[in-house]
Amino acid sequence: MVMNKNKIQVVKLKKKAIKLTLYFTLMIFLLVGSSCKTRFRISVTVPPAILLNEETRKILLVNNVTQDNSPDKLITQALHGQAINGNVAAAEQSIIGLIRSFNDSRFLQGQAINPISIRNKKEINWLRIDSLCVVHQADAIIEIETFESDAPIGGTILANAAGQRSSPLRGWGYFNVYIPATREHLYRLEVGEVFNMPIGGNTNPIVLLNDMMRKREMYGQLGNRVGYSAGMMFYPNWIWVGRTYYNKGSAVLRRAKRPIRNGNWNIAEQILLLGIDSRNNKASGRSKYNLALVYEGQGRLEDAIFMAERAAAENGTRLAFDYINILRRRLHAQPRIVLEQD
């Protein structure tokens with residue numbers, strides 16, 4: 001009887017040992033497998049919504065918003081006997097926002113010039129545009145034609161009565177774009193923003209007066225945001241994304257690890273191009289996949305999709321299949337605004 005119990009215990013111990021062995025083997029396999037890949041965050045470029053000629057560098061900025069073409073029925077306040085038009089104040093700051101945005105692009109430059117008529121009714125005055133660009137040595141003109149906003153006084157008063165501490169101020173700038181060299185143009189590009197105005201939160205007359213007087217400054221900040229957002233549509237921007245790359249499998253993959261990690265895309269591209277024709281199927285596929293990631297980092301989404309498709313079709317690289325869909329979604333999700341041509 002004792003012998004049977006001992007045999008049963010031995011069998012149980014053997015089964016437990018087998019289970020532990022399988023468990024540790026699986027863990028080692030997962031660790032070894034995962035060590036070939038590294039997950040990290042990179043900043044990748046998003047192509048501009050509006051593609052300009054590569055030679056475009058200097059852009060003239062014209063603010064043609066006036067009391068007449070931008071009637072502000074939303075708020076008027078007597079100041080030195082004149083009516084304040086919040087839309088006019090916003091348009092003035094939109095120019096500042098455009099200049100600031102172009103400066104941040106590091107290759108575009110904006111220069112504000114005096115208001116001047118660009119159109120004869122609906123016809124574009126290309127002769128005048130040509131002349132302005134020659135005089136100022138510029139490549140394009142952006143005109144703020146009108147500015148509209150939505151923040152009725154009643155809304156602020158009601159918000160104060162309700163004890164709220166902020167009231168939304170919405171604004172839309174309408175921009176026209178002219179490229180003299182190619183006769184390309186864009187009419188009434190709409191760019192909108194929302195600015196939450198801080199308010200007093202009660203109906204005390206002095207508080208209400210202060211809120212109203214503060215609105216001019218708020219319109220300016222709104223216009224600045226609209227101008228900056230409009231400027232961002234003309235140059236590539238950067239976003240953070242999570243990506244996985246292969247760091248082992250060949251000497252090429254190991255050498256490309258640091259440049260990829262540090263975002264040195266040009267160097268990584270040169271290294272990985274040496275590995276895409278490797279006779280080793282796994283190394284070739286991983287090099288193509290990593291090269292697709294490099295192309296994404298450079299903002300070359302179509303090239304990235306092509307290389308990821310090669311990695312999937314020619315080598316069966318596992319990560320490439322999901323990556324193709326990610327890249328396609330990024331490509332199709334980008335806004336595309338096409339310039340018209342006379």
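# Questions about a predicted model

The protein chain in this predicted model has 10 helices and 12 strands. Let's walk through some of its details together.

Reader: What share of the residues in the protein chain is buried?

Author: Happy to start with the whole chain, which has 342 residues. A residue counts as buried when its relative accessible area is under 20%. By that cut-off, the buried share of the protein chain is 46%.

Reader: Among contacts between residues at least 6 apart in sequence, how many in percent join residues at least 24 apart?

Author: Here we set aside pairs that are less than 6 apart in sequence. Of the contacts that remain in the protein chain, those joining residues at least 24 apart come to 73%.

Reader: Which kind of aromatic pair do Tyr246 and Tyr289 form?

Author: A search of the whole structure finds five aromatic pairs. In the pair of Tyr246 and Tyr289, the ring centres are 5.4 Å apart and the planes make an angle of 75 degrees. Planes over 60 degrees apart count as edge-to-face, so the pair of Tyr246 and Tyr289 is edge-to-face.

Reader: How many residues apart in sequence are the parts that the pair of Tyr246 and Tyr289 ties together?

Author: Tyr246 belongs to strand S11, which covers residues 237–246. Tyr289 belongs to helix H8, covering residues 281–297. The pair therefore ties together parts whose separation in sequence is 43 residues.

Reader: Are Tyr246 and Tyr289 buried or exposed?

Author: Tyr246 has a relative accessibility of 5%, and Tyr289 has 3%. The cut-off for burial is under 20%. Tyr246 and Tyr289 therefore each count as buried.

Reader: Which residue do ring pairs link into a cluster with Tyr246 and Tyr289?

Author: Tyr246 touches Tyr289, and its other contacts include Leu253, Arg286 and Asn290. Ring pairs extend the picture, linking Tyr246 and Tyr289 into a cluster with Tyr323.

Reader: Do H7 and H8 run roughly parallel or roughly antiparallel?

Author: The axes of helix H7 (residues 265–272) and H8 come within 10 Å, and they cross at roughly 155 degrees. An angle over 145 degrees counts as roughly antiparallel. The crossing of H7 and H8 is left-handed. By its angle, H7 is, relative to H8, roughly antiparallel.

Reader: And are H6 and H8 roughly parallel or roughly antiparallel?

Author: Helix H6 (residues 251–262) packs with H8 at an angle of about 15 degrees, and their axes are 11 Å apart. The crossing of H6 and H8 is left-handed. Angles under 35 degrees count as roughly parallel, so H6 and H8 are roughly parallel.

Reader: Which residues in H6 meet H8?

Author: On the H8 side, the residues met by H6 include Ala283, Arg286 and Ser287. Ser287 is also among the H8 residues met by H7, where the H7 side consists of Trp265, Ala268, Glu269 and Leu272. On the H6 side, the residues that meet H8 are Val252, Leu253 and Ile260.

Reader: What distance separates the C-alpha atoms of Ile239 and Thr45?

Author: Ile239 is located in strand S11 and counts as partly exposed, at 34% relative accessibility. Its contacts, not counting residues up to four places away in sequence, are Ile42, Ser43, Val44, Val46 and Arg330. Ile239 and Thr45 are 194 residues apart along the chain, and the distance between their C-alpha atoms is 6.5 Å.

Reader: Which residues does Thr56 touch, not counting residues up to four places away in sequence?

Author: You'll find Thr56 in the loop between strand S1 (37–46) and strand S2 (58–63). Although Thr56 is in a loop, its relative accessibility is 4%, so Thr56 counts as buried. With residues up to four places away in sequence left out, the contacts of Thr56 are Leu108, Asp139 and Ala140.

Reader: What is the phi of Arg106?

Author: Most residues other than glycine have a negative phi. Arg106 has a positive one, and its place is the loop between helix H2 (86–105) and strand S5 (109–113). Arg106 counts as exposed, at 81% relative accessibility. Its phi is near 75 degrees.

Reader: Over the ring of which residue does the charged end of Arg188 sit?

Author: Arg188 lies in strand S10 (residues 184–198) and is partly exposed, with a relative accessible area of 30%. It has a positive phi of about 55 degrees, although it is not a glycine. Its charged end is 4.2 Å from the centre of the ring over which it sits, and that ring belongs to Tyr174.

Note on methods. Residues are numbered from 1 along each chain as its sequence is written. This is a predicted model: local features need pLDDT of at least 70, side-chain atom pairs count only at pLDDT 80 or more; totals for chains, interfaces and linings use all residues. Side-chain values use heavy atoms; hydrogens and water are left out. Rings of Phe, Tyr and Trp (its six-membered ring) pair if their centres lie within 6.5 Å; planes under 30 degrees apart count as stacked, over 60 as edge-to-face and the rest as tilted. Helices (H or I, at least four residues) and strands (E, at least two) are DSSP runs, numbered from the N terminus. Buried means under 20% relative accessible area, exposed over 50%, partly exposed in between (1.4 Å probe, protein chains only). A charge sits over a ring if NZ of Lys or CZ of Arg is within 6 Å of the ring centre and within 35 degrees of the ring normal. Axes are lines fitted to C-alpha atoms, for helices over the stretch in contact, and angles run from 0 to 180 degrees between N-to-C directions. Angles under 35 degrees count as roughly parallel, over 145 as roughly antiparallel, 65 to 115 as roughly perpendicular and the rest as oblique. A crossing is left-handed if the near helix is turned anticlockwise from the far one by less than a right angle, and right-handed if clockwise. Contact means heavy atoms within 4.5 Å.
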